[in-house]
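Here is a short report on one protein. Keep the sequence and the 3D view open as you read.

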Amino acid sequence: KKYYEAEDATHYFFGQPDVLTTVAAAICDWLVAEKLVRIPPAEISPPLSLEDLRTSYGPATLATKLEIQGLNHVVLVSSDMDRTVKFVCGKLGFPLVKAFPVFDGAQHFFFDAGNGCHLAYFWYPKAPPSFPGVSSASPKDPEAKSAHGSMNHVAWRVPTGKLSAYRQTLADRGVLVSEVIYHDNSGGFSDKLTPTVSWASCYFYGPDGEYFEFTEQHHVFGTPEQEIEEAPKTRREIR
């Protein structure tokens with residue numbers, strides 16, 4: 001037996017994550033020393049710096065770059081494919097180009113989103129219900145956050161100069177759509193189109209809570225030194 005004392009520990013370590021981490025590490029060390037478990041050494045690499053991103057991860061310097069020809073399709077999940085077809089075709093104007101059955105009574109539909117890109121949906125007879133704010137963005141959250149690993153939203157590029165007209169078309173077709181939002185190069189927003197605006201966008205939700213964007217891109221990305229302004233955060237910084 002081995003006795004370990006965590007100084008100043010409270011009952012169940014409430015409010016003491018650091019103490020709990022120390023105790024858990026001591027337990028793991030003992031289990032490994034007694035050969036009761038085997039914990040392989042972790043491959044820990046230092047976080048990427050801003051200089052790393054600019055010199056090794058850009059279009060001209062990425063050593064692992066493949067010849068990808070763009071996005072082929074994005075797949076979402078529908079609870080009612082009939083309703084989805086009526087929304088995607090009737091509201092968004094994306095033609096249906098493929099529909100076929102798949103495993104266990106499910107089905108798969110493809111809609112033409114232009115330039116060889118498609119919006120696709122699965123319908124499953126026993127799919128779990130949507131969980132806004134976790135599996136997808138929530139209309140109640142102004143920041144539209146969703147869980148790690150989720151697909152937050154899909155942005156469709158529209159011809160320059162047509163965003164406002166397309167937004168009005170959506171509204172006329174009964175879609176609850178945001179006003180046009182101008183994304184500034186700094187990461188903030190502008191109240192109008194200026195030379196510092198990267199994207200102009202409007203946002204809306206589909207019938208199952210899928211989060212969509214129509215966008216015009218007004219800024220052509222420059223060099224890594226101009227465009228890459230921040231190093232990536234790690235899971236250790238999650239609050």
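In what order do the five strands of the open sheet stand? The order is E5-E9-E8-E6-E7, and the pairing is mixed. Strands here are DSSP runs of E with at least two residues, helices are runs of H or I with at least four, and both are numbered from the N terminus. Two strands pair if DSSP finds at least two bridges between them. E5 and strand E7 (189-190) stand at the edges with a single partner strand each, so one side of each has no neighbour in the sheet.

This is a predicted model, where local features need pLDDT of at least 70 and side-chain atom pairs count only at pLDDT 80 or more, while totals for chains, interfaces and linings use all residues. Residues are numbered from 1 along each chain as its sequence is written, and side-chain values use heavy atoms, with hydrogens and water left out.

## The whole chain

The protein has five helices and nine strands. From the N terminus on, the elements run α-α-β-α-β-β-β-β-α-β-β-β-β-α. The radius of gyration is 24 Å, well over the 18 Å that the globule rule gives for 239 residues, so the protein is more spread out than a compact globule. That radius is taken over C-alpha atoms, and the rule is 2.2 Å times the number of residues to the power 0.38. Along the principal axes, the C-alpha atoms fill a box of roughly 75 × 50 × 40 Å.

Buried residues make up 25% of the 239 residues. Buried means under 20% relative accessible area, exposed means over 50%, and partly exposed lies in between (1.4 Å probe, protein chains only). Take the contacts between residues at least 6 apart in sequence: 47% of them join residues at least 24 apart. A contact means heavy atoms within 4.5 Å.

## The four-stranded sheet

A second open sheet has four strands in the order E1-E4-E3-E2, again with mixed pairing. Its edge strands are E1 (73-78) and E2 (96-101), and each pairs on one side only. Strands of a sheet pair through backbone hydrogen bonds, either parallel or antiparallel. The table lists pairs from both sheets, with one facing pair of residues for each.

| Strands | Sense | Bridges | Facing residues |
|---|---|---|---|
| E1 and E4 | parallel | six bridges | Leu76 and Tyr121 |
| E2 and E3 | antiparallel | five bridges | Pro101 and Gln107 |
| E3 and E4 | antiparallel | six bridges | Gln107 and Trp123 |
| E8 and E9 | antiparallel | seven bridges | Phe204 and Phe212 |

Gln107 of E3 has a bridge partner in E2, Pro101. Its bridge partner in E4 is Trp123.

Now look along E1. In a regular strand the side chains alternate between the two faces of the sheet. In E1, Val74, Leu76 and Ser78 point to one face and are buried. His73, Val75 and Val77 point to the other face and are not buried.

## The core

Which residues touch the most other members of the largest nonpolar core? They are Leu119, Tyr121, Trp156, Phe204, Phe212 and Phe214, in a core of 27 residues. A nonpolar core is a set of buried Ala, Val, Leu, Ile, Met, Phe, Trp, Tyr and Cys residues joined through side-chain atoms within 4.5 Å. Several elements each supply at least two residues of this core, including E1, helix H3 (81-90), helix H4 (163-172) and strand E9 (211-217).

## Turns and loops

E2 and E3 form a hairpin with five residues between them. Asp104 lies in the loop between these strands. Its phi is positive, about 55 degrees, although Asp104 is not a glycine. At 71% relative accessibility, Asp104 counts as exposed.

Lys35 has a positive phi too, near 60 degrees. Lys35 is found in the loop between helix H1 (17-33) and helix H2 (50-56). Its relative accessibility is 73%, so Lys35 counts as exposed.

## Towards the C terminus

Where is Ala231 placed? Ala231 is in the segment after helix H5 (224-227). Ala231 is partly exposed, with a relative accessible area of 30%. Leaving aside neighbours within four places in sequence, Ala231 is in contact with Leu48, Ser49, Leu50 and Leu53. From Ala231 to His11 is 220 residues in sequence and 39 Å in space, C-alpha to C-alpha.
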